[in-house]
Amino acid sequence: MAKVPSDVKQDPYNLPAGFYWANIDISKREEVTEVYNLLTQNYVEDDDNMFRFDYSVEFLQWALTPPGYNKDWLFGVRGGKNNKLFGFISGIPIDTVVRGKKVKMAEINFLCVHKNLRAKRLATVLIKEVTRRVNLTDVWQALYTAGILIPLPFSRTTYWHRSLNPKKLVEVGFSSLPANTPMARYVKLLKLPNELSIKGIRTMTKQDIPAVYTLLTNYLSRFDLHLHFTKEEVAHFILPRDNVIDSFVVETNGQVTDFISFYNLPSTILKHETHKLLKVAYSYYNVGTTHSLEELMRNALILAKQRDYDVFNALDIMENEQFLKELKFGVGDGNLHYYFYNWRVPELKTN
């Protein structure tokens with residue numbers, strides 16, 4: 001028999017002495033800043049401990065407060081004399097379409113425990129507690145990603161990087177000069193045009209939501225696994241926000257035919273005297289009907305360069321392999337693994 005919410009443990013899981021569960025109100029600046037500080041000091045670093053994600057307060061509010069979000073799924077562990085935040089985990093509701101079947105799930109993210117407390121196995125308890133809270137709402141499946149490999153991902157993708165500020169990237173150790181290539185030649189090799197090649201490209205506005213919703217829905221339906229967005233979710237996740245996401249549409253004869261988007265996720269540079277922040281654009285959703293994906297992404301790179309990004313990242317998912325090599329992206333050493341909780345499928349292709 002399928003489980004129902006009344007079968008779920010009704011009380012929160014026990015925590016070590018001196019710690020307690022606390023919901024985090026992401027809409028309140030003071031509380032979201034505590035999450036920001038926890039992540040900035042303790043979250044994902046690269047293997048060489050040179051860079052660490054620097055999620056802004058505005059980014060966290062964007063990512064964690066979609067339409068219909070559940071405040072009980074955004075919580076952490078507090079303790080000590082000052083009720084400090086020592087751990088955090090988040091869940092947001094998503095509709096996931098897997099081979100034509102739509103399933104209500106939670107997307108789990110931002111699992112983080114303070115470095116000084118990792119021996120207390122708080123991460124395990126955070127995962128059990130978010131599972132309990134999600135199950136109480138009659139949602140039984142979840143989607144999550146991780147850089148590390150654990151049993152058993154349904155797909156794996158690789159990050160590719162396109163240098164926009166090659167001199168800075170070499171100076172901070174993000175990339176290296178090719179053998180026998182002077183810096184001036186390397187910069188020239190990666191130089192982008194100053195002008196956009198697509199006419200009619202402009203910043204997305206609220207009036208474009210219906211057109212972008214239709215373009216995105218039709219495009220995503222091609223793939224075995226994809227999220228199903230409502231118009232309200234398109235408005236939340238794709239409309240431009242200062243220092244969070246840039247989105248552009250192509251309008252021809254009064255009709256929106258294409259769109260591109262990228263979000264802003266900088267990294268703190270941990271071991272450099274001069275440079276302290278790497279401004280990184282991440283490819284988000286991009287749909288073309290009158291222009292090739294390669295041409296759209298060439299313009300996305302120019303737009304990102306105009307906004308002073310240092311590097312543009314993209315995963316080799318969906319149809320991105322159409323442009324990665326042609327636009328001089330280099331393959332990185334970072335992978336992203338996709339996992340389901342309580343939903344088993346054969347390995348899915350992400351492109």
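So, how many of the 351 residues of the protein count as buried? The answer is 50%. Keep in mind that what's on the screen is a predicted model.

Let's do the overall picture. We've got 8 helices and 16 strands in the protein. The radius of gyration is 21 Å, and the globule rule gives 20 Å for 351 residues, so the protein is as compact as a globular protein of that length. If you're setting up a box, the C-alpha atoms fill roughly 60 × 50 × 40 Å along the principal axes. The accessible surface is about 18,000 Å², and carbon and sulfur atoms own 50% of that. On contacts: take those with a separation of 6 or more, and 72% come from residues 24 or more positions apart.

Okay, the inside. The largest nonpolar core has 65 residues, and the members touching the most other members are W62, F110, L216, I238, F259 and Y285. Let me pick on W62. Leaving out residues up to four places away in sequence, W62 touches H236, F237, R241, V244, I245, Y263 and Y284. There's also a second, separate core of 25 residues, with I201, L296, L301 and L324 among them.

Last stop, helix α1, residues 29-42. Does the length add up, or what should we expect? At 1.5 Å a residue, its 14 residues should span 20 Å, and the end C-alpha atoms are 20 Å apart, so that agrees. Buried in α1 are E31, V32, V35, L38, L39, T40 and N42. And what do the buried residues of α1 pack against? That'd be β1 (19-23), β2 (51-53), α2 (57-64), β4 (84-98) and β5 (101-113).

Terms used: Residues are numbered from 1 along each chain as its sequence is written. This is a predicted model: local features need pLDDT of at least 70, side-chain atom pairs count only at pLDDT 80 or more; totals for chains, interfaces and linings use all residues. Side-chain values use heavy atoms; hydrogens and water are left out. Helices (H or I, at least four residues) and strands (E, at least two) are DSSP runs, numbered from the N terminus. The expected span of a helix is 1.5 Å times one less than its number of residues. Buried means under 20% relative accessible area, exposed over 50%, partly exposed in between (1.4 Å probe, protein chains only). Contact means heavy atoms within 4.5 Å. A nonpolar core is a set of buried Ala, Val, Leu, Ile, Met, Phe, Trp, Tyr and Cys residues joined through side-chain atoms within 4.5 Å. The radius of gyration is taken over C-alpha atoms; the globule rule is 2.2 Å times the number of residues to the power 0.38. Accessible areas come from the Shrake-Rupley method with a 1.4 Å probe; for residues, only the protein chains shown count as cover.
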